[in-house]
Amino acid sequence: MKADDVPPGVPPASLNPEKDPDEWVTKDEPMTGPQRSYLQTLCREAAEEYNENWTKAEASKKIEELQQKTGRGKSGNSNS
């Protein structure tokens, strides 16, 4: 998508939803409730240690890592 293709009023953040967590304005804030809950599940399934003090950015990265390890979440496969 080129800049000229963007409809008026579309916020820039919506054009790049896969922004690197290290670039988030809120990256150093505590992880959210949904992140906490999902990470607890992923850590249990992956037999990894859960850290309740992860930041939003750290939690996001750990979720992606554990999704790869457990096969949960994002994948190119259908639900088969």
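Start by selecting helix H2 (56–70) together with the buried residues of H1, because those H1 residues pack against H2. Here, helices are DSSP runs of H or I with at least four residues, strands are E runs of at least two, and both are numbered from the N terminus. The model is predicted, with local features needing pLDDT of at least 70 and side-chain atom pairs counted only at pLDDT 80 or more, while totals for chains, interfaces and linings use all residues. Numbering runs from 1 along each chain as its sequence is written, and side-chain values use heavy atoms, with hydrogens and water left out.

**Stop 1: helix H1**

Now select residues 33–46, the 14 residues of H1. At 1.5 Å a residue they should span 20 Å, and the end C-alpha atoms are indeed 20 Å apart. The expected span is 1.5 Å times one less than the number of residues.

Which residues of H1 are buried? Colour Gln-35, Leu-39, Thr-41, Leu-42, Cys-43 and Ala-46 to see them. Buried means under 20% relative accessible area, exposed means over 50%, and partly exposed lies in between, using a 1.4 Å probe and protein chains only. Step just past the helix to Ala-47, which takes a positive phi of about 55°.

**Stop 2: helix H2**

Move on to H2, whose 15 residues reach 21 Å from first C-alpha to last, close to the 21 Å expected at 1.5 Å a residue. Its buried residues are Lys-56, Ala-57, Ala-59, Ser-60, Lys-62, Ile-63, Leu-66 and Gln-67. These buried residues pack against H1. After H2 comes Gly-71, with a positive phi near 80°.

**Stop 3: the two helices together**

Show both helices and look at how they cross. H1 and H2 pack at an angle of about 35°, with axes 10 Å apart. Axes are lines fitted to C-alpha atoms, for helices over the stretch in contact, and angles run from 0 to 180 degrees between N-to-C directions. The crossing of H1 past H2 is left-handed, meaning that the near helix is turned anticlockwise from the far one by less than a right angle (clockwise would be right-handed).

To highlight the interface, pick Gln-35, Tyr-38, Leu-39, Leu-42, Cys-43, Glu-45 and Ala-46 on the H1 side. On the H2 side, the contact residues include Lys-56, Ala-59, Ile-63, Leu-66 and Thr-70. Contact means heavy atoms within 4.5 Å. Zoom in on Ala-46: leaving aside neighbours within four places in sequence, Ala-46 touches Leu-66, Lys-69 and Thr-70.

**Stop 4: the nonpolar core**

Next, select Met-31, Leu-39, Leu-42, Cys-43, Ala-46, Trp-54, Ala-59, Ile-63 and Leu-66, the 9 residues of the largest nonpolar core. Such a core is a set of buried Ala, Val, Leu, Ile, Met, Phe, Trp, Tyr and Cys residues joined through side-chain atoms within 4.5 Å. H1 and H2 each supply at least two of the core residues, and H1 gives the most, with 4.

**Stop 5: Lys-56 and its partner**

Select Lys-56, which lies in helix H2. Is this lysine buried or exposed? Lys-56 counts as buried, with a relative accessible area of 17%. Beyond neighbours within four places in sequence, its contacts are Trp-24, Thr-26, Lys-27, Glu-29, Pro-30, Met-31, Thr-32 and Gln-35.

Draw the distance to Glu-29, and you have a salt bridge with the closest N and O atoms 3.0 Å apart. The two residues are 27 apart in sequence, with Glu-29 in the segment before H1 and Lys-56 in H2. A salt bridge is a side-chain nitrogen of Lys or Arg within 4 Å of a carboxyl oxygen of Asp or Glu. Glu-29 is partly exposed, at 37% relative accessible area.

**Stop 6: a salt-bridge network**

How many salt bridges does a search of the whole structure find? There are 6. Select Glu-48, Lys-62, Glu-65 and Lys-69, which are linked in a network of these bridges.

Glu-48 forms one with Lys-62, at 3.0 Å between the closest N and O atoms. That pair joins the loop between H1 and H2, home of Glu-48, to Lys-62 in H2, 14 residues apart. Glu-48 also meets Lys-69 at 2.7 Å, N to O, across 21 residues of sequence.

Finally, colour by accessibility: Glu-48 is partly exposed at 24%, Lys-62 is buried at 15%, and Lys-69 is partly exposed at 49%.
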